[in-house]
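Welcome, and please open your viewer. Keep the selection tool at hand, and we will go from stop to stop together.

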Amino acid sequence: LTQSIESNGLSSQAEVLLKDGHQCLAYNLARTPNIGKAGLKGVPAEAIALVSFALGQSDSVRAEQARAKIQDLTGVDVGHEVFTNIEQITFFVLPAEGNTPLAGPEAIAGRLGLAVTSRDPEQLRQALDTLLKGLSPGQPNSEPGRYRIGGKGKPAADCYLEQVGGVTLLSLNPDVIKASVTALKNRRSVCEAGPLNGGVNRLPATASKLVLANVGG
């Protein structure tokens, strides 16, 4: 902890040094590479909030911890290489249909989408297909890219998976997937228009995480 006297008052600076070989999950997840606008191309222009971050290219510690956590929660081992394949992960929320406000977690979940960019999109899709099928044992898939997850005493829900131009999309709502596909094909993402466009355009090259919200929306 360093304290100094500056021309405009007192200044304090704290620095935390971690031992080599540490296994601090919070630190490993927080220390991420820089993000780019390419990872936001799958977010529709009308989005009212988004959270985006990148994963390391070959950080075996972070990848192994994330893989182990997913296996612990779902019982499915998606493989270490999946996490080193991922470049950028972006969660986004679309406004409610009509004038109905997004009140409650269920309403928000119904308008929530996930866009992932990766070095090998096909490998990522296969891994997510394995994961989603593992979450829906015995549940038939009525159509490609649609998975019925849950059941066995738990509420069942449909999850939708799509891939366009190297961007992998996931949502519980097919309308959210369609909006992302349209944004990618027509170049109408938050990178080009919408209430979050100003914040995206001011994104510095050194940013490793991004959180944007249209409070009025």
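## A walk around the model

Begin on the outside: select V51, F91, L112 and V211, which together make a nonpolar surface patch of about 330 Å². Bear in mind as you look that this is a predicted model. Now keep V51 alone in the selection; V51 sits in strand β3, residues 49-54. Is V51 buried or partly exposed? With a relative accessible area of 36%, V51 is partly exposed, because buried would mean under 20% and exposed over 50%.

Zoom out for a moment and show the cartoon. The protein has 7 helices and 9 strands. Of its 217 residues, 39% are buried. If you switch on the surface, the protein exposes about 12,600 Å², with 53% of that coming from carbon and sulfur atoms. Among contacts with a separation of 6 or more, 61% join residues 24 or more positions apart.

Next, select residues 154-164, which form strand β7, and pick out Q163 within that strand. What does the side chain of Q163 make a polar contact with? One partner is the side chain of T168, at 2.8 Å. A polar atom of the Q163 side chain also lies 2.8 Å from the backbone oxygen of P121. Leaving aside residues up to four places away in sequence, Q163 touches P121, E122, R125 and T168.

Stay in β7 and move to L161. L161 counts as buried because its relative accessibility is 4%, and the cut-off for buried is under 20%. Show its surroundings: beyond residues up to four places away in sequence, L161 touches R125, L128, D129, L132, G145, Y147, T168, L169 and L170. For a distance to draw, try L161 to L132: these residues are 29 apart along the chain, and their C-alpha atoms are separated by 9.3 Å.

The last stop is helix α6, residues 174-186. Its 13 residues reach 18 Å from first C-alpha to last, close to the 18 Å expected at 1.5 Å a residue. Colour V176, I177, A179, S180, V181, A183 and L184, the buried residues in α6. As you look down the axis, recall that an α-helix has 3.6 residues a turn, so residues three or four places apart point the same way.

Finish with the two ends of α6. At the N-terminal end, N173 acts as a cap, with a side-chain oxygen 2.9 Å from the backbone nitrogen of D175. After the helix comes R187, whose phi is positive, near 55°.

Notes
Residues are numbered from 1 along each chain as its sequence is written. This is a predicted model: local features need pLDDT of at least 70, side-chain atom pairs count only at pLDDT 80 or more; totals for chains, interfaces and linings use all residues. Side-chain values use heavy atoms; hydrogens and water are left out. Helices (H or I, at least four residues) and strands (E, at least two) are DSSP runs, numbered from the N terminus. A polar contact is a pair of N or O atoms within 3.5 Å; within protein, one must be able to donate a hydrogen and the other to accept it, and residues adjacent in sequence count only if both atoms are side-chain atoms. Contact means heavy atoms within 4.5 Å. Buried means under 20% relative accessible area, exposed over 50%, partly exposed in between (1.4 Å probe, protein chains only). Accessible areas come from the Shrake-Rupley method with a 1.4 Å probe; for residues, only the protein chains shown count as cover. Patches are made of residues with over 30% relative accessible area and no salt bridge: like charges are joined within 9 Å, nonpolar side chains (Val, Leu, Ile, Met, Phe, Trp, Tyr) within 5 Å. A salt bridge is a side-chain nitrogen of Lys or Arg within 4 Å of a carboxyl oxygen of Asp or Glu. The expected span of a helix is 1.5 Å times one less than its number of residues.
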